[in-house]
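Work through the exercises below with the model open. Each task is followed by its solution in steps.

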Amino acid sequence: AAGTAEVRTWYFYTVKWGLQDEFLDLFQRNHYPILKAKEKAGRFSAVRTYVPEFHGDGRADWTFVVELVVPPNPPSTPTDEEVIGRLYPDAAKLAREEQRRFEILVAHWDVPLNRMNLDARKPTR
C-alpha cells in the first residue's frame, strides 16, 4: 500500500574525467546542505553518498551516487525554495555554481528502487 514503505532512490552522476574534485566541492557546498536540511526536517530518513572502490575495471558508468531514503508518510517540510533561500542568500552565486556542477557532468540519472523479497517470492517454474 502507498505510504507504508520507505522509498529509496539512487541518483547517479558521471563526471568528466579529471573534474571529480571540482564536482564534489560544488556538490558538498551547494546541494548537500539542502539534502541534509530536508533530512533534519524529516523529509528524508537517510542521505548517503558513494563513490566506486575501483576505477580501473574498464567501466565508467558512474563516478558518484547519492542515496535518498524517504520514510513512509514523511511530514510536510519547507519547500525547496524556502530551504535554499535560508541557506543561500546569494542566489546568483548558487545558480552559477549549480550550472557549473551540471556542465562538468557526462551523465546523470535517477533510479527509484523497489525492494524485492525473494524469501516471499514464489518461483514461476
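**Exercise 1. Strand partners of β1**

Find which residue in β3 stands opposite Tyr-11.

Solution. Step 1: Tyr-11 faces Val-66 in β3. Strands here are DSSP runs of E with at least two residues, and helices are runs of H or I with at least four, numbered from the N terminus. Step 2: another pair in this register is Thr-9, with Leu-68 as its bridge partner in β3. Step 3: β1 (residues 7-15) and β3 (residues 64-70) pair in the antiparallel sense over seven bridges. Two strands count as paired if DSSP finds at least two bridges between them.

Two conventions apply. The model is predicted: local features need pLDDT of at least 70, side-chain atom pairs count only at pLDDT 80 or more, and totals for chains, interfaces and linings use all residues. Residues are numbered from 1 along each chain as its sequence is written, and side-chain values use heavy atoms, with hydrogens and water left out.

**Exercise 2. The sheet and its helices**

State the order of the strands in the open sheet. Then place helices α1 and α3.

Solution. Step 1: β1 also pairs with β4, antiparallel, over eight bridges. Arg-8 stands opposite Leu-113 in β4. Step 2: the four strands run in the order β2-β3-β1-β4, with antiparallel pairing, and the sheet is open. Step 3: β2 (46-50) and β4 (105-113) each have a single partner strand, so one side of each has no neighbour in the sheet. Step 4: from one strand to the next, the twist averages 15°. Angles run from 0 to 180 degrees between N-to-C directions, with axes fitted to C-alpha atoms, for helices over the stretch in contact. Step 5: helix α1 (residues 20-40) packs on the sheet and touches β1, β2, β3 and β4. Its direction makes about 170° with that of β2. Contact means heavy atoms within 4.5 Å. Step 6: helix α3 (residues 91-103) also packs on the sheet, touching β1 and β4, at about 90° to the direction of β4.

**Exercise 3. The setting of Arg-101**

Decide whether Arg-101 is buried or exposed. List its contacts beyond four places in sequence.

Solution. Step 1: Arg-101 sits in helix α3. Step 2: its relative accessibility is 2%, so Arg-101 counts as buried. The cut-offs are under 20% relative accessible area for buried, over 50% for exposed and partly exposed in between (1.4 Å probe, protein chains only). Step 3: leaving aside neighbours within four places, Arg-101 contacts Tyr-13, Phe-23, Leu-26, Phe-27 and His-31.

**Exercise 4. Salt bridges**

How many salt bridges are there? Which elements do Arg-29 and Glu-97 tie together?

Solution. Step 1: apply the rule, a side-chain nitrogen of Lys or Arg within 4 Å of a carboxyl oxygen of Asp or Glu. The count comes to ten. Step 2: Arg-29 and Glu-97 meet in a salt bridge at 3.0 Å, N to O. Arg-29 lies in helix α1 and Glu-97 in helix α3, so the pair ties together parts 68 residues apart in sequence. Step 3: Lys-38 and Asp-80 meet at 2.7 Å, N to O. Lys-38 lies in helix α1 and Asp-80 in helix α2 (residues 80-87), so this pair ties together parts 42 residues apart in sequence. Lys-38 is buried at 14%, whereas Asp-80 is partly exposed at 34%. Step 4: Glu-6 bridges to Arg-8, with the closest N and O atoms 2.4 Å apart. Salt bridges link Glu-6, Arg-8, Arg-48 and Glu-67 in a network.
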